[in-house]
Amino acid sequence: MHYAIDDTIVALSTPEGTGAIAVIRLSGKEAIAISNRVFKGKDLTRQPSHTLHYGSIRDGEKVLDEVVVSLFVAPHSFTGEDVVEISCHGSPFIVRQIIQLLLKHGARLATAGEFTKRAFMHGRFDLAQAEAVADLIASDSEISHKTALNQMRGGFSQEIKDLRAQLVHFASMIELELDFVEEDVEFASRDDLRRLVEDILRVVNALINSFALGNVIKNGVPTVIAGKPNAGKSTLLNALLNEEKAIVSDIPGTTRDFIEDEILLGGISFRFIDTAGLRETTDKVEAIGVERTYAKMKQASLIIFLFDLTEETITSIQKDINVLENLGIPFIRVGNKIDQAQPDLLKALESIPDIVYISAEKRENLEGLKDKIMALVDLNKFSTSGTIVTNVRHYDSLVKTKEALEDVLKGLDSGITQDFLAQDIRHALHYLGEITGEITTEDLLGNIFSKFCIGK
Amino acid sequence: MIYPQYDIVVVGAGHAGNEAAAAAATMGSSTLLITMDMNKIGQMSCNPAMGGVAKGQIVREIDALGGLSGIVSDKSMIQFRMLNKSKGPAMWSPRTQNDRMRFSEEWRLALEKIPNLDFMQDMVTEVLVEKEKVVGVKTSIGIEIKAKAVVLTNGTFLNGIIHIGEKKMGGGRSGERSSKGLTEQLVGLGFQSGRMKTGTPPRIDGRSLDYSKMEEQPGDEIPGKFSFTDTKPLAYQRSCHITYTNNTVHEILESGFDRSPMFNGRIQGRGPRYCPSIEDKINRFAERDRHQIFVEPEGWNTIEVYVNGFSTSLPEDVQYKAIRHIPGFEKAKLFRPGYAIEYDYFPPTQLQLTLETKLINNLFFAGQINGTTGYEEAACQGLIAGINAHCKVYSKEPFILKRSAAYIGVLIDDLVNKGTEEPYRMFTSRAEFRLLLRQDNADLRLTEMGHQLGMISDHRLEKVFDKKNAIDKIIGDLKQIKVDPEEVNTGLGEMSTATIKEKIAIHKLLKRPEIDVTTLRRLDKKVDEYLRQFDDEILEQVEINIKYETYLAKEKLQADKIEGMENYKIPAHFDYAQIKALSAEAREKLKKIKPQTIGQASRISGVSPADISIIMIYLGK
């Protein structure tokens, strides 16, 4: 139930994107208890209202971030419920990891305007404000309907539909035995039922694994920035990452280690691999670096080929392009330092198609580069299941579907009767229904009546 | 005036009308039951059986609330079976075969015993309405009877048309008149009406059948019963028989398809998918070369039998020819052919959860008039309508059962919020909390409510309290009483279930699927001595509650969550038109259905979670 009001909701309350600090807000009965479960520091459940606490957010032993937690005990809070605000570092990656952890511990992702709605319901607003919230909810729901298909990239929608059809079939096989025991129809064997659940579970698992915050963030789209030393690869990476991760200097060849980092573009994670430069070298350390660069490049799914418009010649650029074309990996030609480019070179480059001109240092035309990256990425290529789940809510529903299906298998193992199996199947259907829209018992009955001859 | 003013007039004396009249009168309303034929009170129009999967649960619920269907069924049963015994307890479903004539007689005797209840034989042609409130009824011979509330339970009689092949005649049941005028008047008042269709098989002379060619289906070895009162289980039972159609039967039936009102478009009404006619089965499931036929005796002594599974409206000559090719039916004699019947119904979205119409105050609808099918579905609506008519007249709180409280609650909630396109029958799958809505605990769930309504005696309530206390005590004890490995391991080994290493509480052993109360008693003398002092009915509850603890707890949790939503009341005149943020579809549906709670609103198709959030905001909690 999206509209239940006794559960605990969570959302990022600062703007999406990278800022210095992000604030994640929880509201509801369990807000403090849930926070306390992932917070290492003082026992939050024993602290007074309106206090700040320093500590860390942990997923088991793993420290996700160091944070400051603010406590607001009901009714003295924005929503009138217990509210916890977690201030963490502003990386989208960290924020998502923390939110995901909180979801795992029992919070639910807030819907648009839900904090405000709760505030209103606890008498914190007047009607005019309420109307504004109502409009917000309505428009969010409309937009989410319209964008549902877009969010369900790469056949997600079809896969969920197939999955649901299979589950409805499974459920109706069970219901058939329950409601129509007196009928002259053959019932499915337990082995068939188990196989069906296992098949469905496999698909659910594949979808879960494809989730952008899970697999795709963990593994990302492997992307290599290739180019001559000092072409500005680290500067570009930093510009994209907007933080100083790689070591940047004016001395060519400073970057000897592969520094990996990820950025999210349009919901897809790109794992950027900064490499040593593309050059022939006599320096032994450098030589190993260059070799490794080629090895890494071969594993990439996308290469950003960066060349320096102030120093290179058309011949050397063309030579590198030829090498890259032989690798057979999609690549983007990017001319850097456009602000100081040699006019002759620019003219000569007109013979090469599809070049994106940027200035990494001046942050010029980074958007153009991002667009180009997005255009080149066909999501289907990078997903194991051919489908990528990118929406947190979908992910949440899939995980719950999975848990319910695992309960079905456990039930089959212990030999319980169909009525109890049906309970877990219904839960699974309910959660899938959260993605696809309403599910009613009419689906089950309709399926039974169309497939079996029922009735005296 | 011959007739005094009544508190409540009930129109129709079928399963719905009888329960309505009995409930209203029992609660203290002066009540008049009007039927077109006093000899047809409590008629079983279809097969002579009560209960079955999901329906048996309803009969038990009616009984626990103080309704009479369970008692009448027990007194007239000729066979008892507990269906679905191999499944979990929520699926166990009692069913009886009944003596059709005795069923009717027992209903009449039961009704005659109720003070405050009068009878009248006539046809009601009009409801009297003043200022959007019903004030009485008018009959075919022009008598006007004043009443404070009216319950309509017209069954299949409103403009009933019977079809047999190409023949078509007006009628409410075979050989009985249909009821005219009422639909037209109600439509004139602003009600929407529709047409539905159902059918019934031919009736056969049992003396002409060869039962040796059929499978016998006897009753349970230890027969149970419906009622929680002291009705008696059967000492002797009659069997049903099973036989099958075959390709020859199908071919003969097909030869009459061109004269079938089902296929040539003469029947417009929608029939139930789960109770198809034999021609429908052959048509839709052409790959099947046989269909099951249940041969059900109509009573203890009568030779008439009911051919369940052979419902048809094909021409009588085709029926006759085809049926004689069913094994055992070679020499079958027909008393009368099967037929299809079309009748008016009123889409139930026009009702409140009390079954009072939204349009006319104090007017209630119950039974097939609401688009349902089945005796049990009709009876429970009658009960609820009767109770609420009384509550309305005496200005008491309305009585509404939640979906998590009873199948009856599920049924009425479905009708009012979703409506129905085909005759609505109850299935266990319609109840999201069916693990909680078991036939075995109907008394524990509902007796207290029945008592508060004045439908249940103090004595009956005390018995239920004693039962509840005993169950709690035993469950507590079984967590304390431990068994010794030396004592029980031999027995456990023999059952090839895991032995125990140290002393463990009995309730842990009872959680194992292969161990029930009976095996426990066999395993350990001490346990046997302890358990021996309690009734089987109580021990059954203990076992169910311990064995399925986690599943029941999970379902209870879900039910409680939903219940929260049911407690958010929406004011009766809440203006949906003012909320622009609602989707157009939701606004229309909400205006029409006028849900009483947020929970109810959330179950209306077309009302999204976003819409619900918006309403909640406007309600401001």
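Begin by selecting helix H17 (residues 536-547) of chain B in this predicted model, and then add its surroundings, since the buried residues of H17(B) pack against helix H12 (458-480), helix H14 (506-510), helix H15 (517-523), helix H16 (525-532) and helix H18 (549-566) of chain B. Colouring the buried positions of H17(B) will pick out B:Leu539, B:Gln541, B:Val542, B:Glu543, B:Ile544, B:Ile546 and B:Lys547. Along its length, H17(B) has 12 residues and reaches 16 Å from its first C-alpha to its last, close to the 16 Å expected at 1.5 Å a residue.

Next, select helix H9 (residues 375-393) and helix H10 (residues 407-418) of chain B, whose axes come within 10 Å and cross at roughly 90°; the two helices are therefore roughly perpendicular to each other. At their contact, B:Glu377, B:Cys380, B:Gln381 and B:Ile384 from H9(B) meet B:Ile408, B:Leu411 and B:Ile412 from H10(B), a group that divides into five nonpolar residues, one polar and one charged.

Finally, turn to the open sheet of four strands in chain B, which has the order E11-E10-E19-E12 with antiparallel pairing. Strand E11 (167-170) and strand E12 (194-200) of chain B stand at the edges with a single partner strand each, so one side of each is left without a neighbour in the sheet. Viewed across the sheet, neighbouring strands are turned by 25° against each other on average, direction ignored. Within this sheet, zoom in on strand E10 (residues 161-164) and strand E19 (residues 339-345) of chain B, which pair in the antiparallel sense over three bridges, and label B:Ile162, whose bridge partner in E19(B) is B:Ile341.

Conventions:
Residues are numbered from 1 along each chain as its sequence is written. Chains are lettered from A and ligands numbered from 1 in the order in which they are written. This is a predicted model: local features need pLDDT of at least 70, side-chain atom pairs count only at pLDDT 80 or more; totals for chains, interfaces and linings use all residues. Axes are lines fitted to C-alpha atoms, for helices over the stretch in contact, and angles run from 0 to 180 degrees between N-to-C directions. Angles under 35 degrees count as roughly parallel, over 145 as roughly antiparallel, 65 to 115 as roughly perpendicular and the rest as oblique. Two residues are in contact if their C-beta atoms, placed from the backbone, lie within 7 Å. Ala, Val, Leu, Ile, Met, Phe, Trp, Tyr, Cys and Pro count as nonpolar, Asp, Glu, Lys and Arg as charged, and the others, Gly among them, as polar. Two strands pair if DSSP finds at least two bridges between them. The expected span of a helix is 1.5 Å times one less than its number of residues. A residue is buried if 20 or more other C-beta atoms lie within 10 Å of its own, exposed if 12 or fewer, and partly exposed in between; C-beta atoms are placed from the backbone.
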